[in-house]
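Here's a quick briefing to read alongside the sequence and the 3D view. Keep both open while you go through the points.

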Amino acid sequence: HTGFLLLPIVPGLLVFAAAYLLYRGSDEHFRLRILQATARTAVIIATVAMIYASMELAGLAKVSAVWVYLVGWCLFDIQMAYLWSTFDPDEEYPS
């Protein structure tokens, strides 16, 4: 029974592990871009969450935390996809 409860956590742990390994394996240019993407995602999610929390008081339906999680990861993934699509292995990046 406990295994079924922990099962949804496993993909999240794998994502965190992969992100950590990618971060550690990157040069300073990409580390900076990854941190910027993380900060942008956090600011966007926090802003939208605060706005929607006040709108809930006005009568809007409550949103599941799963949606916040999914939207946050989608925003971050879009930024990472853009970052890696602009990567040129022959170019020298500033450190």
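Leaving aside its neighbours within four places in sequence, which residues is Gln-79 in contact with? They are Ala-37, Arg-40 and Thr-41. Bear in mind that this is a predicted model.

**Gln-79 and its surroundings**
- You'll find Gln-79 in helix α4, a stretch that covers residues 65–85.
- Gln-79 counts as buried because its relative accessibility is 17%, and the cut-off for buried is under 20%.
- Among the contacts of Gln-79 is Arg-40, and the side chains of these two are joined by a polar contact of 2.7 Å.

**Tyr-69 and the nonpolar patch**
- Tyr-69 also has its place in helix α4.
- With a relative accessibility of 41%, Tyr-69 is classed as partly exposed, since that label covers values between the 20% and 50% cut-offs.
- Tyr-69 helps make a nonpolar surface patch of about 640 Å².
- The other residues in that patch are Val-63, Val-66, Trp-67, Val-68, Leu-70 and Val-71.

**Glu-28 and helix α3**
- Helix α3 runs over residues 28–57, and Glu-28 is part of it.
- Glu-28 is exposed because its relative accessible area is 54%, and exposed means over 50%.
- Want a distance to check in your viewer? From C-alpha to C-alpha, Glu-28 and Ala-46 are 27 Å apart in space, with a separation of 18 residues in sequence.

Key. Residues numbered from 1 in each chain as written. Predicted model: local features only at pLDDT ≥ 70, side-chain atom pairs only at ≥ 80, totals over all residues. Heavy atoms only, no water. Patch = residues over 30% accessible without salt bridge, like charges linked within 9 Å, V, L, I, M, F, W, Y side chains within 5 Å. Areas by Shrake-Rupley, 256 points an atom, 1.4 Å probe, with all protein chains shown as cover. Salt bridge = Lys/Arg side-chain N within 4 Å of Asp/Glu carboxyl O. Helix = DSSP H or I, 4+ residues; strand = E, 2+ residues; numbered from the N terminus. Buried < 20%, exposed > 50% of the residue type's maximum accessible area, 1.4 Å probe, protein only. Polar contact = N/O pair within 3.5 Å; in protein donor to acceptor, adjacent residues only side chain to side chain. Contact = heavy atoms within 4.5 Å.
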